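Work through the following exercises with the sequence and the model side by side, and try each task before reading its solution.

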Amino acid sequence: MAGRSWYAVYTSPCHEKRVAEHLTVREIEHFLPLYRLARRWKDGRTVTREMPLFPSYLFVHASRGERVKILSTPGILSIVGTSRGPAALPISDMESLREGLHLRNATPHPFLNAGETACIRSGPLAGMQGIVLRQKNSTRIVLTVDLIMKSVAVEIDAADLEPLRPSLGYMN
């Protein structure tokens, strides 16, 4: 729809799913990415829970005029932005996350500023840029939403990555 943008909203801790329910009732388009977390209890049982990929944040697709409606939603503390007002997220990044995140094994990851950067050249998250990691026998890329200073690590085939900066080799 014209005039609508994606915004990050900051929620009360551990209230992301409840806020998503309230937004559904209020008919506000939103996106709450989740991941599965398996926990082993002391008695040996394993429980799998769906947890927010970006703790205390979710995303809304709305016009600036819907700001009051969003902020009056129980559990929403603020819309992320600057002193000038809410800051819109890049539509291409949000659409890539919405369409491709569920196809990859994504987990939360600490926010990083340094490391090798790469662009995903094919697959569901094509075009997104992040920091490359190696974890066990797989390659992971850390994708960051700078506005909320949160990152997620996504498992990816190394062949799908293209370095953004040439690596510095030794000179002969």
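A residue is called buried when its relative accessible area is under 20% and exposed when it is over 50%. The model is predicted.

**Exercise 1.** Determine which residues of helix 3 are buried and which are exposed, and how they are arranged around the axis.

*Solution.* Begin with the buried residues of helix 3, which spans residues 91-100: these are Met94, Ser96, Leu97 and Gly100. They cover an arc of only 160 degrees around the axis, and therefore lie on the same side of helix 3. Turning to the other side of helix 3, one finds Ser92 and Glu99 exposed. Finally, the buried residues of helix 3 pack against several strands, among them strand 1, strand 5 (57-63) and strand 13 (138-145).

**Exercise 2.** Classify the ring pair formed by phenylalanine 54 and phenylalanine 59, and place it among the aromatic pairs of the structure.

*Solution.* A search of the whole structure gives 3 aromatic pairs. For phenylalanine 54 and phenylalanine 59, the ring centres are 5.6 Å apart and the planes stand at 90 degrees, so this pair is edge-to-face, given that planes over 60 degrees apart count as such. Phenylalanine 54 is buried at a relative accessible area of 2%, and phenylalanine 59 is buried at 0%. Ring pairs also bring in Phe31, which forms a cluster with Phe54 and Phe59.

**Exercise 3.** Describe the surroundings of serine 12.

*Solution.* Serine 12 sits in the loop between strand 1 (4-11) and helix 1 (16-25). Its relative accessible area is 18%, so serine 12 counts as buried. Beyond its neighbours within four places in sequence, serine 12 is in contact with Ser56, Gly75 and Leu77.

Key: Residues are numbered from 1 along each chain as its sequence is written. This is a predicted model: local features need pLDDT of at least 70, side-chain atom pairs count only at pLDDT 80 or more; totals for chains, interfaces and linings use all residues. Side-chain values use heavy atoms; hydrogens and water are left out. Rings of Phe, Tyr and Trp (its six-membered ring) pair if their centres lie within 6.5 Å; planes under 30 degrees apart count as stacked, over 60 as edge-to-face and the rest as tilted. Buried means under 20% relative accessible area, exposed over 50%, partly exposed in between (1.4 Å probe, protein chains only). Helices (H or I, at least four residues) and strands (E, at least two) are DSSP runs, numbered from the N terminus. Contact means heavy atoms within 4.5 Å. The arc is that of the directions from the helix axis to the C-beta atoms.
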